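Q: Got a minute to go through a model with me? I'd like to start with a helix and then jump around a bit.

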Amino acid sequence: MPRDWDAEIDRWTERFRQVESVPEPFATAIREGWDPIARAGLAADAEAYASATAGFLDQLATSGWGLVRFDARPDDCGVCSRYAGSAYHLDGEDGLPEPPPLPICPACRHTLNPLTPYFMQSAGLDLEDLVDTSVPFDDDAV
Ligand SMILES: [Zn+2]
């Protein structure tokens, strides 16, 4: 089921009033009110990004690989960036939580990338490290 971006944009506009690092176009909207074109553009971009991400995660799940890492971008907002570097399992297995919905907020474009055995070995990480440092998604956390 597609997400109700209109409702999410309303919810995040309110939520970003309490957050320090507010992404565009929310920062402008909070100062000046929503421009209908900017708002429609944000909803369309968020939906395109959500469906592309869902397709990628479906492929990953089909391949049988469930371990992923949340990679934030430098301009991710204060809510989304708290999950930067956290590990998840697509099915919530191996002691890891399930990943957040992507995108978490309509403005950020973080990614979930597979944590391959090769990567983990070269970074000196084992599953226990990932479990210890994982940040479970909490929709109310700021
Ligand atoms: Zn965000």
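Q: How far apart are the end C-alpha atoms of helix α3, and what should its 27 residues span?
A: This is a predicted model, and in it helix α3 covers residues 36–62. At 1.5 Å a residue, those 27 residues should span 39 Å, and the end C-alpha atoms are 39 Å apart, which agrees.

Q: What about Gly64, just after α3?
A: Gly64 takes a positive phi there, about 90 degrees.

Q: OK, zooming out. How many helices and strands does the protein chain have?
A: Five helices and three strands. Going from the N terminus, the order is α-α-α-β-β-β-α-α.

Q: And how does the radius of gyration of the protein chain sit against a compact globule?
A: It agrees: a compact globule of 142 residues would come out near 14 Å, and the protein chain has 16 Å. Along the principal axes, the C-alpha atoms fill a box of roughly 50 × 30 × 20 Å.

Q: What share of the residues is buried?
A: Buried residues account for 25% of the 142.

Q: Let's do the sheet. What is the strand order?
A: β2-β1-β3, in an open sheet with antiparallel pairing. The edge strands are β2 (87–89) and β3 (111–114), each of which pairs on one side only. On average, neighbouring strands of this sheet are turned by 40 degrees against each other, direction ignored.

Q: How many bridges join β1 to β2?
A: Three, with β1 being residues 67–71 and the two strands running antiparallel. Across that pair, Leu67 stands opposite His89, and Arg69 stands opposite Ala87.

Q: And on the β3 side, how many bridges does β1 have?
A: Four bridges there, again with antiparallel strands. One pair to look at is Phe70, whose bridge partner in β3 is Leu112.

Q: Why call β1 largely enclosed?
A: Because four of the five residues of β1 are buried, the rest of the structure largely encloses the strand.

Q: So on to the core. Which residues have the most contacts inside the largest nonpolar core?
A: Cys77, Cys80, Ala87 and Cys105, in a core of 24 residues. The elements giving two or more residues to this core are α1 (5–15), α3, β1 and β2. β1 gives the most, with three residues. As a general point, nonpolar side chains tend to be buried together in soluble globular proteins.

Q: Ala87 has come up twice now. What does Ala87 touch, leaving out residues up to four places away in sequence?
A: Leu67, Arg69, Leu96, Leu115, Leu130 and Ser134. Arg69 is also the residue opposite Ala87 in the β1–β2 pairing.

Q: How about contacts over the chain as a whole: what share joins residues at least 24 apart?
A: 70%, counting contacts between residues at least 6 apart in sequence.

Q: Last one, different spot. Where is Glu20, and is Glu20 buried or exposed?
A: Glu20 is in the loop between α1 and α2 (26–32). Glu20 has 8 other C-beta atoms within 10 Å, and 12 or fewer counts as exposed, so Glu20 is exposed.

Q: And how far is Glu20 from Ser86?
A: C-alpha to C-alpha, Glu20 and Ser86 are 21 Å apart in space, with their positions 66 residues apart in sequence numbering.

Key
Residues are numbered from 1 along each chain as its sequence is written. This is a predicted model: local features need pLDDT of at least 70, side-chain atom pairs count only at pLDDT 80 or more; totals for chains, interfaces and linings use all residues. The radius of gyration is taken over C-alpha atoms; the globule rule is 2.2 Å times the number of residues to the power 0.38. A residue is buried if 20 or more other C-beta atoms lie within 10 Å of its own, exposed if 12 or fewer, and partly exposed in between; C-beta atoms are placed from the backbone. Two residues are in contact if their C-beta atoms, placed from the backbone, lie within 7 Å. Two strands pair if DSSP finds at least two bridges between them. Axes are lines fitted to C-alpha atoms, for helices over the stretch in contact, and angles run from 0 to 180 degrees between N-to-C directions. The expected span of a helix is 1.5 Å times one less than its number of residues. A nonpolar core is a set of buried Ala, Val, Leu, Ile, Met, Phe, Trp, Tyr and Cys residues joined through C-beta atoms within 7 Å.
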